[in-house]
Amino acid sequence: MMSPGRRPHTAVPTVDTMTSSTPGNPAPPHGQFRLQRLFIRRTSWWILLGFALILTVASATLRTATIPPRGEAIPANAESARVAAELKSRPGSDIGTALLVTTRTDQAPLTPQDRHDIAQLTADVTPTDLQGKNAPAAGPPRPVISEDGHAAITTVPLRIGTSNAETATTISELRDRIDHHRPTALHIDVTGGPAFGADIAGAFAGADFTLLTVTIVVVAVLLLLTYRSPTLWLVPLTVVALADQLAATVTKGAGQASGLTFDAGIVSVLVFGAGTNYAMLLISRYREELHIHPDHRDALATAWRAVLPAILASNLTVVLALSSLLAAIVPGTRGLGLAGAVGLLIAAAAALLPLPAALLLLGRRVFWPFVPHPTDPTDPAAHTQYDTAWHRLGTAVTARPVAVVLIALTTLGILATGLIGTRIGLTQSEQFRVASDSQRGLDTAAAHFPAGTIAPITVLTDTDHLDTVTADLRDIPHLTSVRPGATVDGRTALTVTGDAIPGSNTAHDLVTTIRDRLATHPETHSLVGGAPAVQVDARSAAQRDLTVIAPIILTLTALILMVLLRAVLIPLVLLAVNALSSLATIGAGAWIGRTFLGFPALDVQVPLIAFLFLVALGVDYTIFLVHRAHQEMPLHGTRAGMARAVGATGAVITSAGIVLAAVFAALGVLPLVVLGQLGLIVGLGVIIDTFVVRTLLVPGLVTVLRRAPAPPTPPGATRVA
C-alpha cells in the first residue's frame, strides 16, 4: 500500500506496451524499446543537424516568396466585389480619391480667407506627379463647405498602387506637402479609402517584428519563472523560435503558391503558443520520469512515448480545426486556415524531434540547480513527491463532483451573458486601436456633413435605364443625394449618399433597401457597391462561415476525443463543456472590451476565429488531462485516478495556459482593434479553461459519468486503496 500521491514503481499501462523500470525490475536494454533508437546520442545529433538543414534549405528556397497583399474581407462573387471589379476594368481605375477634411484649429467657423487658403493649398499640394497619367483633365479640386460653415471637404484624385503599401507612399507624400503648405490657423486630415489603406499599411510597418519580440520576451520570462533554471528555459525557447522561423518561411511560400493572404503575426503567435505548450508537457513528464529512471535516456524515452498520443491528438485537433477554415468564403479566413495548419504541424514536429534530441544530449544536468534524481521508494520523502496542492484540489473536486460541476456551469453561464447587447461589426472609424489621421478625418466629417458623405454607396446600372433607377433611388428614405457619374460601355456609375453612419445598422439597412428596390427592375442589371455595401457583404460572409464551419470544428474535435478516449458519451460531454466555455469567454471578452477598453463592437471576423481558437486550443488541456487520467484510472480507480491526473498535470497545464494566454495577449501591441479583440478573448479563454474548465469542471464531470465499480487490477500492477 502506498500513498495516494505517489505513483507506484510498477508497470504503468499506456497506449503502448512499454514498461517503466521498477526497483526490482530494471529498465530493459535500449534495443528492447521499439522507438528507443530515437534516443541514442549519435541519432540525436543527426536529428538536430537534419532540423537545421531543413531550416536552411527552406529559407534559401523560399527566401523570395511573399504573402499576397491583404484583400477585401468578402468573397469574389459578392455584389460589392463585382462592382469593384467592374470599376477596376474601366479606364483610369488606377486613380482613387483622397479627402482633405479641413477645420480651424480654434474650432471657429471658416472665414472667407480660410476658404481661399484651402483652395490655394489644394492647388499647391496636388500636382500631376501624384495623380498619374490617367488623372482627369480638370482644374484644382474645389472645397465643399459644410452647412454649419465649420468644415470643408476637398476631393483630391491620386494614383493608387496594387497594394496598400504602394498607396501609402503617395499618401505620405501628400501629407508631407500639406504640412509644408498648411496655414497655421487650419487643421487638415487626409482620409478616404486610399488613406485608410495607407494607414493600415503604416500601422503594420514593423509590427510583426514588434509582435515577435514581445512574444519571445513573454515566453522567455514565463519559462524562466516556471523552471527556475538558468539553462533549461533556453532549450524549448530556442527550438520553438527556430520552428517559428521555419514556419514563417514555409507558410509564406504556401501563401504565394495558393494566392491566399493571412496575418503572419497570428501564425507566429500560434506556433510559439502551441509549440511552447507541447515542449512544457514533454519536459514536465521527463522530469517526472527522472525521479524513477537512473538513466536519463530511459526517462526521456518513457516520457516521449507517454505524451506522444496527447500531443498528436492535441495538434491534430487544432490542425483539422484550422483546415476547416478552407471551407470559408472569406479569402483571409481561408489563408489563415492554411498557414495556421502548416505552422502548427511544424511546431509539433519540433517539439517531438529536435527538442528531445537536445534534451538527451544535455542530460539531467539541464535542470540545474534543481536536478531530479531517482527516488528510493523506502525514503519517507518519496511519498510526498506527488502530494501537491493540485493533487489535493483534485481530491476535493472528485469528493463532491456534483456541487463543483453546478458551480462551474453557473459561472460559465453568467460569463456568457456578456453576449447580450453585443454589436457585431465595427464602423470604419472604430477599426483602429490607436487614432489615425484617416480616422480623425472621418470623425470630423461625420460631425459637420451628412454621415454618409465620406463613404458613399456606388450603384452601377445600364445607362438606358438610368432615369428609372435614379427615380427609384430618390424615393428611398435616408438618401441625401444621387449623382450620376461616368458612363463606360453603356454602364453608368451613380454616387449615392445617405445620412446613416457607415458601418451602423441603419447603413446596413439602407444598403439592403437599395438592393431590394433595384431588384424589382432586373432589366437594369443594377449592382450596389461601395464601402457600406462591402461591410454588409463582409457581415453576411462572416455569418455564413460561422454557421458552416463551427459545426465542422465541433464534429472533428468530437471524433478525435472519441478515438483518444475510446468512448462516446464522455467526449460529447467534454465537447459540450468546451463549447459552453467558448461562448462564456466570448461573452466575457465582449463585456470587458466595451466596458473597460472602449471596443464598441466585435469585428465580424472575431466570433468565428475566436470560437475556433477557443475550442481547438481549449480542448488541448482537456486532452492532456483526460489522457493522463486514462492512464491512472486502471490502477487507482476513477476518483483517485482523476485526482492523480490533476496533480500530475496541474502545474504544467497551468504554466502552459499562462504562457499561451500571455502570447495571445501580445496581439494587443498591434494597431487594429480586431487583433486586440482576438488577443483579449483567446487569452481570457485559455485562463478560464485552465483554472475553471480543466481544474474543476472536467474532473467533476468525468467523476460523475464514470461512477462504476473499479476495474480489475491489471496483471503486475499494484492497486492503491
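**View 1. Asp199, a buried residue in a salt bridge with Arg175.** In this predicted model, Asp199 has a relative accessibility of 11% and counts as buried. Its partner here is Arg175, and the two side chains meet in a salt bridge at 2.7 Å, N to O. The pair links distant parts of the chain: Asp199 sits in helix α5 (residues 193-204), while Arg175 belongs to helix α4 (residues 164-181), 24 residues apart. Is Arg175 buried or exposed? With a relative accessible area of 17%, Arg175 is buried.

**View 2. Arg628 and Glu632, a salt bridge within helix α19**. Look here for the closest N and O atoms of Arg628 and Glu632, which lie 3.0 Å apart. The two residues are separated by about one helical turn, because they are 4 residues apart in helix α19 (residues 606-636). Arg628 counts as buried at 6% relative accessibility, and Glu632 is likewise buried, at 3%.

**View 3. A network of salt bridges around shared partners**. Here is a wider setting for the pair in View 1. Arg175 and Asp199 are joined with Asp189, Asp437 and Arg440 into one network by salt bridges that share partners.

**View 4. Arg423 and Glu430, joined by a salt bridge**. How far apart are the closest N and O atoms of this pair? They are 3.2 Å apart. Arg423 counts as partly exposed, with a relative accessibility of 23%. For the overall picture, a search of the whole structure finds 18 salt bridges, among them the Arg423 to Glu430 pair shown here.

Key
Residues are numbered from 1 along each chain as its sequence is written. This is a predicted model: local features need pLDDT of at least 70, side-chain atom pairs count only at pLDDT 80 or more; totals for chains, interfaces and linings use all residues. Side-chain values use heavy atoms; hydrogens and water are left out. A salt bridge is a side-chain nitrogen of Lys or Arg within 4 Å of a carboxyl oxygen of Asp or Glu. Buried means under 20% relative accessible area, exposed over 50%, partly exposed in between (1.4 Å probe, protein chains only).
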